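Open the model in your viewer and keep the sequence panel in view. The tour moves from the whole chain to single residues.

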Amino acid sequence: MRVRDFVIAIVNAALYALVGIATTFGIFAIVVGGVRFWPSVFVPAVFAEVFGPVVGGLGAAIGIFISDMVVHGNALVSLSVGVPANFLGFYILGLVARKTRRDSKALGIIAIALQFIPVAALYYLYTIKFIDFTTALVFISVAIVSGAGVAISMVVLMFRRRGYAYPNELLAYSLGLMIGSLYIGFGLWAYTYVAKLGIAGVPPEFQTRAPFAAALMWFLWTYYTEIPFMIYLAPPIARAVEVWLKRYR
């Protein structure tokens with residue numbers, strides 16, 4: 001790893017942690033129907049897309065550890081769940097964004113198809129009454145808003161050379177975040193069978209030996225509170241950084 005990439009990864013980590021901590025303490029916080037959103041993910045998404053998977057993954061892993069230590073202070077949970085989930089998710093995001101064709105419409109179609117995975121999980125949790133109507137409504141709204149962003153960008157791409165976002169970066173955001181969210185969901189669920197979570201805000205019945213549905217709930221919560229900020233914030237910021245880099249290189 002080059003020194004330049006390491007330095008950029010540290011900058012990525014610092015910004016990710018800073019925005020994440022600010023969100024936790026009410027700055028930049030967006031709360032709808034009791035669901036707190038997590039906008040800071042656009043930071044490592046942009047770094048992963050512009051500077052590559054290692055910069056994105058390493059910066060996200062360090063940044064989430066710093067943020068976790070300030071927010072809940074459980075280092076073991078952070079190192080076993082949050083850190084690897086963030087590294088894996090943003091590494092994959094950077095890999096897809098950098099190694100695939102930007103204008104491939106097939107990648108955009110795959111990105112749209114991926115959105116049915118969390119929708120299926122949401123339908124299942126609602127039918128077994130594991131989540132309430134308000135939370136389900138918030139998640140459905142996020143799914144519609146996120147899906148619309150992907151679909152509109154694809155329609156624009158059919159008539160113009162470039163839409164709001166490239167198809168490959170829409171796939172990178174969806175796939176990277178989905179894998180990271182799945183790791184968090186099932187990682188937390190598995191952790192409760194080894195030790196007590198000990199995280200404030202998690203219901204007592206989920207602190208140890210959480211039900212399987214909790215894994216799906218944590219997956220959904222992570223994915224739906226983050227994906228809109230990747231789809232709507234990351235593309236224009238990434239374009240601006242790319243233009244700036246070309247001008248000053």
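What follows is a series of selections, each with a note on what is there.

**Whole chain**

Start with the cartoon, and keep in mind that this is a predicted model. Colour by secondary structure: the protein chain has 11 helices and 2 strands. Reading from the N terminus, the order is α-β-β-α-α-α-α-α-α-α-α-α-α, with both strands placed between the opening helix and the next one.

Now orient the chain along its principal axes. The C-alpha atoms fill a box of roughly 55 × 40 × 30 Å. The radius of gyration is 18 Å, which agrees with the value near 18 Å that a compact globule of 249 residues would have.

Switch to a surface. The protein chain exposes about 12,000 Å², and carbon and sulfur atoms supply 71% of that area. Of the 249 residues, 52% are buried. Among contacts with a separation of 6 or more, 78% join residues that are 24 or more positions apart.

Next, colour the charged side chains. There are 18 positive and 9 negative charges, and the mean positions of the two sets are 9 Å apart.

**Helix 1: Asn 12**

Select residues 3-24, which form helix 1, and pick out Asn 12 within them. How accessible is Asn 12, buried or exposed? Its relative accessible area is 0%, so Asn 12 is buried. Show what surrounds this residue: beyond the neighbours within four places in sequence, Asn 12 is in contact with Val 43, Pro 44, Phe 47, Val 55, Gly 56, Gly 59 and Ala 60.

**Helix 3: Asp 68**

Move to helix 3, residues 53-71, and select Asp 68. This acidic residue has a relative accessible area of 11% and is therefore buried. With neighbours within four places in sequence left aside, Asp 68 is in contact with Gly 73 and Ser 78.

**Helix 11: Arg 239**

Jump to helix 11 and select Arg 239. At 13% relative accessibility, Arg 239 counts as buried. Draw a C-alpha to C-alpha distance from Arg 239 to Val 50: the two are 8.8 Å apart in space and 189 residues apart in sequence.

**Aromatic pairs**

Show the aromatic rings. The count comes to 14 aromatic pairs. Begin with Phe 37 and Phe 229, whose ring centres are 6.2 Å apart and whose planes meet at 70°, so the pair is edge-to-face. Phe 37 lies in the loop between strand 2 (35-36) and helix 2 (42-51), and Phe 229 lies in helix 11 (residues 227-248), so the pair ties together parts that are 192 residues apart in sequence. Phe 37 is buried at a relative accessible area of 7%, and Phe 229 is buried at 12%.

Go on to Phe 130 and Phe 206. This aromatic pair is stacked, with 5.7 Å from centre to centre and 15° between the planes. Phe 130 sits in the loop between helix 6 (116-127) and helix 7 (133-159), while Phe 206 belongs to helix 9 (residues 204-207), so the pair ties together parts 76 residues apart in sequence. Phe 130 counts as partly exposed at 25% relative accessibility, whereas Phe 206, at 15%, counts as buried.

To finish with the rings, select Phe 139, Phe 219, Trp 221, Tyr 223 and Tyr 224 together; they form one aromatic cluster.

**Two loop residues with positive phi**

Return to the loop between helix 6 and helix 7 and select Lys 129. What is the phi angle of Lys 129? Phi is near 60°, a positive value in a residue other than glycine. Lys 129 is exposed, with a relative accessible area of 73%.

The last stop is Arg 209, in the loop between helix 9 and helix 10 (212-224). Phi of Arg 209 is near 45°, again a positive value in a residue other than glycine. At 61% relative accessibility, Arg 209 counts as exposed. Show Arg 209 alongside Arg 239 to end the tour: Arg 209 is exposed, whereas Arg 239 is buried.

Terms used. Residues numbered from 1 in each chain as written. Predicted model: local features only at pLDDT ≥ 70, side-chain atom pairs only at ≥ 80, totals over all residues. Heavy atoms only, no water. Helix = DSSP H or I, 4+ residues; strand = E, 2+ residues; numbered from the N terminus. Rg over C-alpha atoms; globule rule 2.2 N^0.38 Å. Buried < 20%, exposed > 50% of the residue type's maximum accessible area, 1.4 Å probe, protein only. Contact = heavy atoms within 4.5 Å. Areas by Shrake-Rupley, 256 points an atom, 1.4 Å probe, with all protein chains shown as cover. Lys, Arg positive; Asp, Glu negative; His and termini not counted. Charge placed at Lys NZ, Arg CZ, Asp CG, Glu CD. Phe/Tyr/Trp six-rings, centres within 6.5 Å; stacked < 30°, edge-to-face > 60°.
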